[in-house]
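Q: Please take a close look at the aromatic side chains in this model. Which of them group together, and what surrounds them?

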Amino acid sequence: MANASKSFGRWFHQLGSPKWFYQKSAKWLPWLWIATAVLLAFGLYYSLFASPVDYQQGNSVRIMYIHVPAAALSMVGYLAMAICAVIGMVWKMKMSFMAMRAIAPVGALFTFICLFTGSLWGIPTWGTWWEWDARMTSELVLLFLYLGFIALHSSFNDRSKADNAAAILALVGAINIPIIYGSVKWWNTLHQAYSVTKKGAIAPEMQTPLFIMIAGFYLLFAIMVIIRLRLEIMNREAKSKWLQEVIS
């Protein structure tokens with residue numbers, strides 16, 4: 001137990017080092033790109049061509065393979081921002097603030113994809129592209145929280161003040177995540193309840209490509225965040241000796 005705790009502490013300390021992350025992530029990215037390409041290639045083939053047509057929704061069910069992963073990552077991304085905010089404010093770890101800033105635009109993009117694909121699915125299924133449904137409305141609020149975070153951070157000239165102010169918004173906004181998740185249980189909504197892992201809720205021939213797409217989207221999300229985080233490190237550490245050595 002002591003060795004495990006010591007190893008975690010060392011890993012946590014290394015992860016907080018811009019130099020360590022910048023150098024290591026350069027080695028991770030090629031492998032992540034390969035894994036993502038393979039998963040998305042298989043996932044898109046099975047979801048768009050090999051998976052069956054739903055007996056009620058027809059081909060519109062295929063929107064699910066994009067919508068569900070995007071919806072999951074829209075919430076995961078904001079929770080990750082909130083965790084980074086806590087770490088940054090408590091342990092004063094500057095990499096946490098950088099990560100928080102790197103996640104925000106990526107999370108906003110996936111939230112927009114979630115809302116857009118949900119609207120496309122709603123037209124043939126509900127007969128409307130938008131309804132002020134509890135799940136849809138709280139997801140829209142999440143998009144505004146992401147955009148608000150980006151705008152708030154950009155409004156400060158002092159980077160330290162920007163980090164702290166945006167971190168507070170990330171923590172306060174995290175209240176919306178359980179509301180999004182529980183909205184279909186707490187209120188009478190048009191949106192169906194969570195059923196991705198529920199046994200028998202989705203046919204196996206649909207569930208398998210959905211899981212592949214979810215895995216591919218998670219890796220794609222990670223790649224986008226890592227790339228943005230590397231750029232953030234370059235921006236903030238521009239005058240550091242180690243970065244100058246790496247670039248040269």
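A: Trp-20, Phe-21 and Trp-28 form one aromatic cluster. Here rings of Phe, Tyr and Trp, the last by its six-membered ring, pair if their centres lie within 6.5 Å; planes under 30 degrees apart are stacked, over 60 edge-to-face, and the rest tilted. This is a predicted model, in which local features need pLDDT of at least 70 and side-chain atom pairs count only at pLDDT 80 or more, while totals for chains, interfaces and linings use all residues. Residues are numbered from 1 along each chain as its sequence is written, and side-chain values use heavy atoms, with hydrogens and water left out.

Start with helix α2, residues 18–50. Helices here are DSSP runs of H or I with at least four residues, strands are E runs of at least two, and both are numbered from the N terminus. Among the buried residues of α2 are Trp-20, Phe-21 and Tyr-22. Buried means under 20% relative accessible area, exposed over 50%, and partly exposed in between, with a 1.4 Å probe and protein chains only. Pro-18, Ser-25, Leu-29 and Leu-32 are also on the buried list for α2. Farther along, that list includes Thr-36, Leu-40, Gly-43 and Ser-47.

Tyr-22 has a charged partner. The charged end of Arg-230 sits over the Tyr-22 ring, 4.1 Å from its centre. The test asks for NZ of Lys or CZ of Arg within 6 Å of the ring centre and within 35 degrees of the ring normal.

α2 also bends, by about 30° at Ala-26. The bend is the angle between axes fitted to the seven residues ending at a position and the seven starting there. A proline, Pro-30, follows within four residues of Ala-26.

The structure holds 12 aromatic pairs. Tyr-45 and Tyr-46 make one of them, edge-to-face, with 5.3 Å between centres and 70° between planes. Tyr-45 is partly exposed, because its relative accessibility is 47%. Tyr-46 is partly exposed too, at 37%.

Another pair is Phe-110 with Phe-221. Its centres are 5.2 Å apart and its planes meet at 65°, so this pair is edge-to-face. The pair links distant parts of the chain, 111 residues apart: Phe-110 lies in helix α4 (residues 94–126) and Phe-221 in helix α8 (residues 204–236). Both Phe-110 and Phe-221 are buried.

Now the core. The largest nonpolar core has 62 residues, and Tyr-78, Met-81, Met-100, Leu-229 and Ile-233 have the most contacts inside it. Such a core is a set of buried Ala, Val, Leu, Ile, Met, Phe, Trp, Tyr and Cys residues joined through side-chain atoms within 4.5 Å. Two or more of its residues come from each of α2, α3 (64–91), α4, α5 (134–154), α6 (159–173), α7 (176–186), α8 and α9 (241–247).

Met-81 touches two aromatic residues, Tyr-146 and Phe-149, among others. Met-100, Ile-103, Ala-104 and Ala-170 are also its partners, residues up to four places away in sequence not being counted. Contact means heavy atoms within 4.5 Å.

α4 has more to show. Cys-114 lies in this helix and is buried, because its relative accessible area is 5%. Beyond its neighbours within four places in sequence, Cys-114 contacts His-67, Ala-70, Ala-71 and Glu-139. Trp-33 is 81 residues from Cys-114 along the chain, and their C-alpha atoms are 23 Å apart. Cys-84 is buried as well, at 14%. The whole structure has zero disulfides, each defined as a pair of cysteine sulfur atoms within 2.5 Å.

Ile-123 is also in α4. It is partly exposed, with a relative accessible area of 47%. Outside its neighbours within four places in sequence, Ile-123 contacts Thr-128 and an aromatic residue, Trp-129. Ile-123 and Ser-60 are 63 residues apart in sequence, yet 9.7 Å apart in space, C-alpha to C-alpha.

Lys-92 sits in the loop between α3 and α4. Its phi is near 55°, a positive value in a residue other than glycine. Lys-92 is exposed, with a relative accessible area of 62%.

Last, the overall frame. The protein has nine helices and zero strands. Its C-alpha atoms fill a box of roughly 60 × 40 × 35 Å along the principal axes. Buried residues make up 45% of the 248 residues. Of the contacts with a separation of 6 or more, 73% join residues 24 or more positions apart.
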